[in-house]
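Me: Could you take a close look at one part of this protein for me, the sheet, and then walk me through what sits around it? I'd like one connected answer.

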Amino acid sequence: MLALAALVVVPKSASENPTTASVVCQETIQSQSVLSRAELSELLAVPERSSKDAVQQVIEAPYCTLNSVEVREGAIAEREAYPLAFDPQTWLIVLYEEGEYAGYDFSFRRE
């Protein structure tokens, strides 16, 4: 699976997020969205380059979308963020390239 290193996410404003994780949301999609352990386990079993629809069958709508990033030269990745239900200071960031699942990373709050 594509390992994504050093995806740094900086807080925009703590008052905008109901949880304490440090993620800069561009657009809130589902403000009550959290990812359970079962959903996280299922997502980790989804093969890279599966369709976005296949991923969305495992996990529901994200909490928010983040700015797109260029992970590989010429490939712009869309990012969606999910706070973990069992650790709200940790968020899962899911990446898609051209409608395909391209990997994930975690955002951890550091104090």
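Reply: The sheet is an open one of five strands, in the order β1-β2-β3-β4-β5, with antiparallel pairing. Its edge strands are β1 (27–28) and β5, each of which pairs on one side only. Keep in mind that this is a predicted model. Read along the sequence, the pattern is β-α-α-β-β-β-β, so to place the sheet in the chain, think of two helices and five strands, with both helices coming between β1 and β2.

Let's go to the β5 end. β4 and β5 run antiparallel and are joined by eight bridges. One pair to look up there is Tyr96, whose bridge partner in β5 is Tyr101. The loop between these two strands holds Glu98. Its phi is near 50°, a positive value in a residue other than glycine. Glu98 counts as exposed, because its relative accessibility is 77% and the cut-off for exposed is over 50%.

Now step to β3 (residues 75–84), where you find another glutamate, Glu80. Glu80 counts as buried because its relative accessibility is 7%, and buried means under 20%. What does the side chain of Glu80 meet in a polar contact? It meets the side chain of Lys52, at 3.5 Å. Lys52 also belongs to helix α2 (52–58), so click on that pair if you want to see where β3 and a helix come together. Leaving aside neighbours within four places in sequence, the contacts of Glu80 include Gln56, Pro62, Cys64 and Thr65, as well as Leu92, Ile93, Val94 and Tyr96. Tyr96 is the residue that has Tyr101 as its bridge partner in β5. As for β5 (100–108), the C-alpha atoms of Glu80 and Tyr104 are 9.4 Å apart in space, with their positions 24 residues apart in sequence.

Cys64, one of the contacts of Glu80, takes us to the other end of the sheet. A disulfide joins Cys64 to Cys25, with 2.1 Å from S to S. Cys25 lies in the segment before β1 and Cys64 in strand β2 (residues 64–72), so the pair ties together parts that are 39 residues apart in sequence. The link is left-handed, with -60° about the S-S bond. Both cysteines are buried, and the disulfide count comes to one.

What about the helices? In α1 (residues 37–44), the buried residues are Glu39, Leu40 and Leu43. Seen down the axis of α1, they fall within an arc of 100°, so they line one face of the helix. That face packs against α2, and also against β4 (87–97) and β5 of the sheet. Between α1 and α2 there is a loop, and Arg49 sits in it. Like Glu98, Arg49 has a positive phi without being a glycine, here about 75°. Arg49 is partly exposed, at a relative accessible area of 32%.

Zooming out, 41% of the 111 residues count as buried. Among contacts with a separation of 6 or more, 52% are between residues 24 or more positions apart. The accessible surface comes to about 6,200 Å², and 47% of that belongs to carbon and sulfur atoms.

How values were computed
Residues are numbered from 1 along each chain as its sequence is written. This is a predicted model: local features need pLDDT of at least 70, side-chain atom pairs count only at pLDDT 80 or more; totals for chains, interfaces and linings use all residues. Side-chain values use heavy atoms; hydrogens and water are left out. Buried means under 20% relative accessible area, exposed over 50%, partly exposed in between (1.4 Å probe, protein chains only). Helices (H or I, at least four residues) and strands (E, at least two) are DSSP runs, numbered from the N terminus. The arc is that of the directions from the helix axis to the C-beta atoms. Contact means heavy atoms within 4.5 Å. Accessible areas come from the Shrake-Rupley method with a 1.4 Å probe; for residues, only the protein chains shown count as cover. Two strands pair if DSSP finds at least two bridges between them. A polar contact is a pair of N or O atoms within 3.5 Å; within protein, one must be able to donate a hydrogen and the other to accept it, and residues adjacent in sequence count only if both atoms are side-chain atoms. A disulfide is a pair of cysteine sulfur atoms within 2.5 Å.
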